[in-house]
Each structure stands twice: as C-alpha cells, then as structure tokens.
Amino acid sequence: MLRAITVCVRLPRSLLRLQPDVIVSANEQLYDTLPGLMLKLWYRGRVRWAVVAHNIPAWRFWRREGHHWYQSLAFLVSERLSLLAAALGANRLLAVSPATTRLLLSVGFPKRRVTTVPCGVDLAALDAIARTTKERRYDAAAFMRVSAEKGIFALIDAWKLVVAANPSARLAVIGGGIDMEAAQARVRTLGLEDNVDFLGLILDTTRAFTTLRTARLFLHPSFKENWAIAIGEAMALGMPVIAFDLPELQEVWGEAFRAVPRGDASAFAGEIVALLADEPGRRDLAERGLARVRSLDWADIAHRELEEIAGHRS
C-alpha cells in the first residue's frame, strides 16, 4: 500500500500542465482520490473535482466474504482515507447506485454533495456485436473477477449440477482474479475440465464481448454488488441474465433478470437448466433486458454527469 501511495503522490509533470476545468477520479479508492486532491490543491481550487463512488466497505471488515481479515482491514483503512480525501476537496461525489448514495450519506457526506448516477454501456458497439455474432459455442458465460466474493465457487458448484442434467453443457469464464488457481483446482476436483473453460482476462473489449455473445445465457453469481455493469453489457448484447437475488440488483435491474436466492447453487443450477430448455423464455428475458438497458448509453450519461459536476458549487 505504501508503494502505491508513493506512486500516487508523484504526479507526472504532464498533469500539472493541463489546466483542466474538471477533474474526475474514476473510483473512490486511494490511488484515484489522492491524485485528484493533489491536483485540486495544485490548481488552488480553480477546477471542479468529482469522485465516482462505487463501493463503501462496512466497518465490520471481518465479515467480508472471500478475504482474510487483514486484507479486509487494509481495504477498509484505504477506503476511509480515500473518503477523507474526497471530503476535504471534492465538489461532488457521484454514487453509482442508490445503495452507494445511502452509504455515503450514512458516513456523513451532506446530501447536497452527493448525486446518484447510473452506470452505462456502449449501446452502439454492443448492438453491432450482437447483430454479427451468430455462433453459439457455450451454453452459458460469466464475465467476472475470479474471486470467492464474486461467486466463482458457487458458480462452479452450480455448473456441476447443470452437467449432471446435461453432460455436454459448456461454461465460459472470462476474467482473472485472486482465486483463479483455486477455482481451476475445484473444476478438476469435480471432473468438469471438459465443461468449463477459463478464458482469462481479455483486454480487447470487442473480442471479449464477441466471446460472451457466443453463450446462450449470462451468469452473474456475485455475493455483493452495487450496480453490476457486466449485467447491463450482457443485456445490451441481447443475453438473458441469471443472478443472485441482491437488493442492490433488484433496485437497478428490476424484473429484467432472473433472480435466485443468494448463495443457493442448487437453485442457480435449476434456473440455468430451465432456461436452456426454454427458448421462448430466454427470448422474453433478453427482450426485457434490452428494454431496461436502452436508457443507459454512456454518451448520454457522461453528458449529464459533466453538467452536474461543472454546474455544482460548494
């Protein structure tokens, strides 16, 4: 952490010569907020600074799933220092969900400095991929950070049950993460090597989304979320979505996804098997997702956010 902080405070000279009107820290974590605060001080308050807030960890750090207590404590301390930096200098906090807004207000930020903003998708690019990708290589796919918190082990356990009903079922997992080796070991232990492909982190977004589109279903087994941009991207690709029933997801996506009880691998598998056998049901769910995501184009959202930041005074 100390090394990361050192890198943050040694700002490139190019940043100090920009003379910007607006500075946006894309995350509420320290490596984004500390440079933002320094630039705000460097320009002596002549710029508007906004911090996009995604995740506010709870004080009970030891309850964070899938992490050692000391990792969770370090994350909590880093996040609280980052929020302090935002409190000292940010003109606006852009909370990416109603749940995040409530958390910011609960830790003391005044309502006048917090705005709830949606997360978006590149609708034109994803629609083009959806229209040109016809191959169906996988029965389902997940686009995720490979970690216990994001549900990788619940997903593997569910897929074991899917394979019991359909031995040829294939799952693609796109992404990397701290539990990759453990997840691959679980797949080997359960004898799923022919049914689960770990494709790793695909940096070329066109290739990543094209690969995602080759699946019939999008699976999102995360135990903790605030918005889940990946769900919106899958919906924009015309894919039906199954996810755990989290209040934050219900608040954002409503009936546009199929919700199953949190952590219930058996129920998750049951929904997968049922939807794979129900083409009209898949089509209906995909259409509901498309209808929900059409109002979430990044270009429109960015324009509204810029107006919010530039027009706010504090």
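These notebook entries record what I looked up in this structure, which is a predicted model.

**Entry: helices H6 and H9**

I began with helix H6, which covers residues 123-132, and helix H9, which covers residues 205-213, and I found that the two pack with their axes 10 Å apart and at an angle of about 45°. H6 and H9 are therefore oblique to each other, and I noted that H6 passes H9 in a right-handed crossing. I then looked up which residues meet there: on the H6 side I listed Leu126, Ile129 and Ala130, and on the H9 side Thr206, Phe209, Thr210 and Arg213. Sorted by class, this contact of H6 with H9 has four nonpolar residues, two polar residues and one charged residue.

**Entry: helices H7 and H8**

Next I turned to H7 and to helix H8, the latter made of residues 180-189, and I noted an angle of about 15° between them, with their axes 10 Å apart. An angle under 35 degrees counts as roughly parallel, and H7 and H8 are therefore roughly parallel to each other. Their crossing is right-handed. In the contact I found Ile152, Phe153, Ile156 and Asp157 from H7 meeting Ala182, Ala183, Arg186 and Val187 from H8. By class, I recorded six nonpolar and two charged residues for the contact of H7 with H8, and no polar ones.

**Entry: serine 147**

I looked up serine 147 and placed it in the loop between strand E5 (138-143) and helix H7 (152-165). Is serine 147 buried or exposed? With a relative accessibility of 2%, serine 147 counts as buried. Leaving aside residues up to four places away in sequence, I found that serine 147 touches Ile152, Ile178 and Asp179; Ile152 is also among the H7 residues that meet H8.

**Entry: salt bridges**

How many salt bridges does the structure hold? I recorded twelve, and I looked up several of them, including the one in which the side chains of glutamate 251 and arginine 102 meet, at 3.1 Å from N to O. Because glutamate 251 lies in helix H11 (residues 247-253) and arginine 102 lies in helix H5 (residues 98-106), this pair ties together parts that are 149 residues apart in sequence. I also checked how far each partner is open to its surroundings: glutamate 251 counts as partly exposed at 40% relative accessibility, and arginine 102 counts as partly exposed at 47%.

A further salt bridge is formed by aspartate 127 with arginine 131, where the closest N and O atoms are 2.8 Å apart. These two residues belong to helix H6 and are four residues apart, so aspartate 127 and arginine 131 are separated by about one helical turn. At 36% relative accessibility, I entered aspartate 127 as partly exposed.

I then looked up arginine 283 and glutamate 279, whose side chains meet in a salt bridge at 3.8 Å from N to O. Since they are four residues apart in helix H13 (residues 279-293), arginine 283 and glutamate 279 are separated by about one helical turn. Arginine 283 counts as partly exposed, at 43% relative accessibility, and glutamate 279 is partly exposed as well, with a relative accessible area of 48%.

**Entry: glycine 232**

I found glycine 232 in helix H10, which covers residues 229-236, and I noted that glycine 232 is buried, its relative accessible area being 2%. Which residues does glycine 232 touch, not counting residues up to four places away in sequence? I listed Val121, Trp253 and Val293. I also looked up the separation between the C-alpha atoms of glycine 232 and leucine 212, which lie 20 residues apart along the chain, and recorded 13 Å.

**Entry: valine 252**

My last residue was valine 252, which has its place in helix H11, the helix that also holds glutamate 251. Why does valine 252 count as buried? A residue is called buried if its relative accessible area is under 20%, and that of valine 252 is 5%, so valine 252 is buried. Not counting residues up to four places away in sequence, valine 252 touches Asn226, Trp227 and Arg292. For the pair valine 252 and serine 72, which stand 180 residues apart along the chain, I entered a C-alpha separation of 26 Å.

Definitions and conventions:
Residues are numbered from 1 along each chain as its sequence is written. This is a predicted model: local features need pLDDT of at least 70, side-chain atom pairs count only at pLDDT 80 or more; totals for chains, interfaces and linings use all residues. Side-chain values use heavy atoms; hydrogens and water are left out. Axes are lines fitted to C-alpha atoms, for helices over the stretch in contact, and angles run from 0 to 180 degrees between N-to-C directions. Angles under 35 degrees count as roughly parallel, over 145 as roughly antiparallel, 65 to 115 as roughly perpendicular and the rest as oblique. A crossing is left-handed if the near helix is turned anticlockwise from the far one by less than a right angle, and right-handed if clockwise. Contact means heavy atoms within 4.5 Å. Ala, Val, Leu, Ile, Met, Phe, Trp, Tyr, Cys and Pro count as nonpolar, Asp, Glu, Lys and Arg as charged, and the others, Gly among them, as polar. A salt bridge is a side-chain nitrogen of Lys or Arg within 4 Å of a carboxyl oxygen of Asp or Glu. Buried means under 20% relative accessible area, exposed over 50%, partly exposed in between (1.4 Å probe, protein chains only).
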